[in-house]
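Visitor: Please take me closely through one part of this model, beginning at the surface and working inward, and then set that part against the chain as a whole.

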Amino acid sequence: MTGHESAQPDLGVLAARILLSVQRELFTALAEQGFDDIQPRTGAVLAHLRADGIRASELARTSGQHKQVIGTLIDDLERLGYVERRPDPADRRAKLICPTERGLLQMEAAAAIMRGIEERHAQALGREEYASFKAALHSVAELQREAGHATPAPGRDQDD
């Protein structure tokens, strides 16, 4: 049976619907709060940024994006004043990607917006059902991530 014959959308379609809708709501609300210069694609960095900094390689790993993509996004966010590169105290050869004051304000605003989105869904579904949904979704995301590491895409090394 192909995806066109199924009455229910498949996992990929459902995941995309959730992602795109949440991104649209989040970035619209951020723009209304003065963060109108960032785009949803920067979420690959912003969603994983830590107040005390994080290495670009860790951002790539946690976001599932290529190092080159993360590097470009970091460059963009640095130009916009959301992040800065600082020497990593644990290894002076490495750099930490640290939020600036504006970056910290954006992180706080995004966290508040996401809490509101999650609260709305928890109220609609019931807290227990929403908690179960999130736990199951997290498990599926981990299983999918593990499956992706087990079988590299054609033309890619596993070390990419």
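Guide: Phe-133 belongs to helix α6, which covers residues 127-150, and in this predicted model Phe-133 counts as partly exposed because its relative accessibility is 36%, a value between the 20% below which a residue is buried and the 50% above which it is exposed. Together with Ile-18, Leu-125 and Leu-137, Phe-133 makes a nonpolar surface patch of about 330 Å².

One member of that patch, Leu-125, is also the last residue of helix α5, which runs over residues 101-125. With 25 residues at 1.5 Å each, helix α5 should span 36 Å, and because its end C-alpha atoms are indeed 36 Å apart, the expected and computed spans agree. Directly after α5 comes Gly-126, which has a positive phi near 100 degrees.

The inward side of the account begins with the buried residues of α5, which are Gly-103, Gln-106, Met-107, Ala-109, Ala-110, Ile-113, Ile-117 and Ala-122. As a general point, nonpolar side chains tend to be buried together in soluble globular proteins. In this model the largest nonpolar core has 25 residues, and within that core Leu-30, Ile-38 and Ile-70 are the residues with the most contacts. At least two residues of this core are supplied by each of α1, α2, α3 (56-63), α4 (67-80) and α5, and the largest share, 5 residues, comes from α5.

Leu-30 shows in detail how such contacts are arranged: once its neighbours within four places in sequence are set aside, Leu-30 is in contact with Phe-35, Ile-38, Gln-106, Ala-109, Ala-110 and Ile-113. Among these partners, Gln-106, Ala-109, Ala-110 and Ile-113 also appear in the list of buried residues of α5.

Another buried position is found in the loop between α1 (11-32) and α2 (43-46), where Thr-42 is placed. Thr-42 counts as buried because its relative accessible area is 4%, under the 20% limit, and, apart from residues up to four places away in sequence, Thr-42 touches Phe-27, Leu-73 and Leu-77. Arg-24, which has its place in helix α1, offers a contrast in exposure, since at 54% relative accessibility Arg-24 counts as exposed. The C-alpha atom of Arg-24 is separated by 7.7 Å from that of Pro-40, although these two residues are 16 residues apart along the chain.

A buried residue in a strand may be added to this picture: Asp-88 lies in β1, which covers residues 83-88, and Asp-88 is buried because its relative accessible area of 8% is under 20%. Leaving out its neighbours within four places in sequence, Asp-88 is in contact with Arg-55, Ala-94, Lys-95 and Leu-96.

For the setting of these parts, the protein chain has 6 helices and 2 strands, whose order from the N terminus is α-α-α-α-β-β-α-α. Of its 160 residues, 24% count as buried, while the accessible surface of the chain comes to about 10,900 Å², with 54% of that area belonging to carbon and sulfur atoms. Among contacts in the chain with a separation of 6 or more, 48% are accounted for by residues 24 or more positions apart.

Methods. Residues numbered from 1 in each chain as written. Predicted model: local features only at pLDDT ≥ 70, side-chain atom pairs only at ≥ 80, totals over all residues. Heavy atoms only, no water. Helix = DSSP H or I, 4+ residues; strand = E, 2+ residues; numbered from the N terminus. Buried < 20%, exposed > 50% of the residue type's maximum accessible area, 1.4 Å probe, protein only. Contact = heavy atoms within 4.5 Å. Patch = residues over 30% accessible without salt bridge, like charges linked within 9 Å, V, L, I, M, F, W, Y side chains within 5 Å. Areas by Shrake-Rupley, 256 points an atom, 1.4 Å probe, with all protein chains shown as cover. Salt bridge = Lys/Arg side-chain N within 4 Å of Asp/Glu carboxyl O. Expected span 1.5 Å × (residues − 1). Core = buried A, V, L, I, M, F, W, Y, C linked by side-chain atoms within 4.5 Å.
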